[in-house]
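Work through the exercises below with the model open. Try each task before reading its solution.

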Amino acid sequence: MTQRATPPFRADHVGSLLRPDNLHAARADHQAGRITGAQLQEVEDAAVRDAVALQASAGLKSATDGEFRREQWHSDFMYSIPGIRKGALAPAMPVYRKDEQISWAPNATEVTGKLHLDQPIFGDHFRFLKQAAGPGITPKLTVPSPSMVHFRADLSKGPYTDPAEFRHDVAAVYAAQVAKIYELGCRYLQFDDTIFAFMNDPGWRERAGVDAEHQHEINVGVINDALSDKPADLALTVHMCRGNYQSAWFSSGGYDYVAEAVFGGLKVDGLFLEYDDERSGSFEPLRFVPEDQNVVLGLVTTKTPELESKDTLKRRIDEASKYVDLDRLCLSGQCGFASTVEGNTLTIDQEKAKLELIVETAQEVWG
């Protein structure tokens, strides 16, 4: 991307926001059968409007719906693909905070039929977001990366015997999603991807049972196939995340292992990269970013409430500019604030302070 008037913006936001208490209560009431789906939607609609207003008041020029209608950042999308269903809980995975280890158990992703797509997933969500955003704010849709689908899929109960055929159909589903959501007016779409970042962690590569030398290259190929017919005026970014569950993370390690193949190979407009602490490594892998991509530096952590120093943020932006021209750099939080319904250990006021810090710092750096 070369036009600064198109996303990603100088100050940006990854996606999910902390849910207000009344939305938590409404979800619990709906699950218990005390309110109808229509009543839950009324609460969600109001919460999304408030989320858009919060982002605008912080000074952001794009807005998500906070992912308020989802239980998890990825599973609601994946289980909406025809041919995939939600399976039983898989074994728990370790996740880490600074001084403790907790766990998270994902559901299995069972493939039961040939994948296809008739209607855009989250199409109704986007229609409402577009209306709520109004003039001057770009509505941004976030969805899990194709990597999340083909990497986690259990093919043992379905028709696929060749993983390459399955990956081909995953790419076709995403190509259809891109085309259909574009028809609804979406011009800013983000793929959220944990696998690229996880592959940087030697311990995770060893435990995951993948082709450690080639898995990231395979993922690049599926994403590029999905985007082969992407409209030129649709800004498509990829966010690479090390995990974000109740202020905990799944993996550590810089981008060195995947940078050359991934940064240089992805045919996307921008990269959202986590750089909020020592787990993220150095900026040196940015040397592989091609000149037609923007890099959104996730320097502001969304895991803890303490505000970063503007001077520190500016210094780190300056360090990154040794590898990517300052004109192609942007600033964001390192991840969303609530990748699951539980959210991270911040308040909504602290979340807003983080967003305002991002905007103010970006204005001082880029004007």
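**Exercise 1. Sort the side chains of strand 11 by direction, and decide whether they are buried or exposed.**

Solution. Gly 270, Phe 272 and Glu 274 point one way from strand 11. Leu 271 and Leu 273 point the other way. All are buried, that is, under 20% relative accessible area with a 1.4 Å probe and protein chains only. In a regular strand, side chains alternate between the two faces of the sheet. Five of the five residues of strand 11 (residues 270-274) are buried, so the strand is largely enclosed by the rest of the structure. Strands here are DSSP runs of E with at least two residues, and helices are runs of H or I with at least four; both are numbered from the N terminus.

This is a predicted model, where local features need pLDDT of at least 70, side-chain atom pairs count only at pLDDT 80 or more, and totals for chains, interfaces and linings use all residues. Residues are numbered from 1 along each chain as its sequence is written, and side-chain values use heavy atoms, without hydrogens and water.

**Exercise 2. Find the strands that pair with strand 11.**

Solution. Pairing requires at least two DSSP bridges between two strands.
- Strand 10 (residues 235-240) pairs with strand 11 in the parallel sense, over four bridges. Thr 237 stands opposite Gly 270, and Val 238 stands opposite Leu 271.
- Strand 12 (residues 294-300) runs parallel to strand 11, joined by five bridges. Here Phe 272 stands opposite Val 296.

**Exercise 3. Place these strands in their sheet.**

Solution. The sheet is open, has six strands and follows the order 7-9-10-11-12-13, with parallel pairing. Strand 7 (141-144) and strand 13 (329-333) are the edges, each pairing on one side only. From one strand to the next, the twist averages 25°. Helix 12 (residues 348-366) packs on the sheet and touches strands 12 and 13. Its direction makes about 165° with that of strand 13. Angles run from 0 to 180 degrees between N-to-C directions, and axes are lines fitted to C-alpha atoms, for helices over the stretch in contact.

**Exercise 4. Describe how helix 2 and helix 4 cross.**

Solution. Start with the axes. Those of helix 2 (residues 37-58) and helix 4 (residues 123-133) come within 10 Å and cross at roughly 50°. The two helices are therefore oblique to each other, a class left over once angles under 35 degrees (roughly parallel), over 145 (roughly antiparallel) and 65 to 115 (roughly perpendicular) are set aside. Next, the contacts, meaning heavy atoms within 4.5 Å. Asp 45, Val 48, Arg 49 and Val 52 in helix 2 meet Phe 128, Leu 129, Ala 132 and Ala 133 in helix 4.

Technical notes
Buried means under 20% relative accessible area, exposed over 50%, partly exposed in between (1.4 Å probe, protein chains only).
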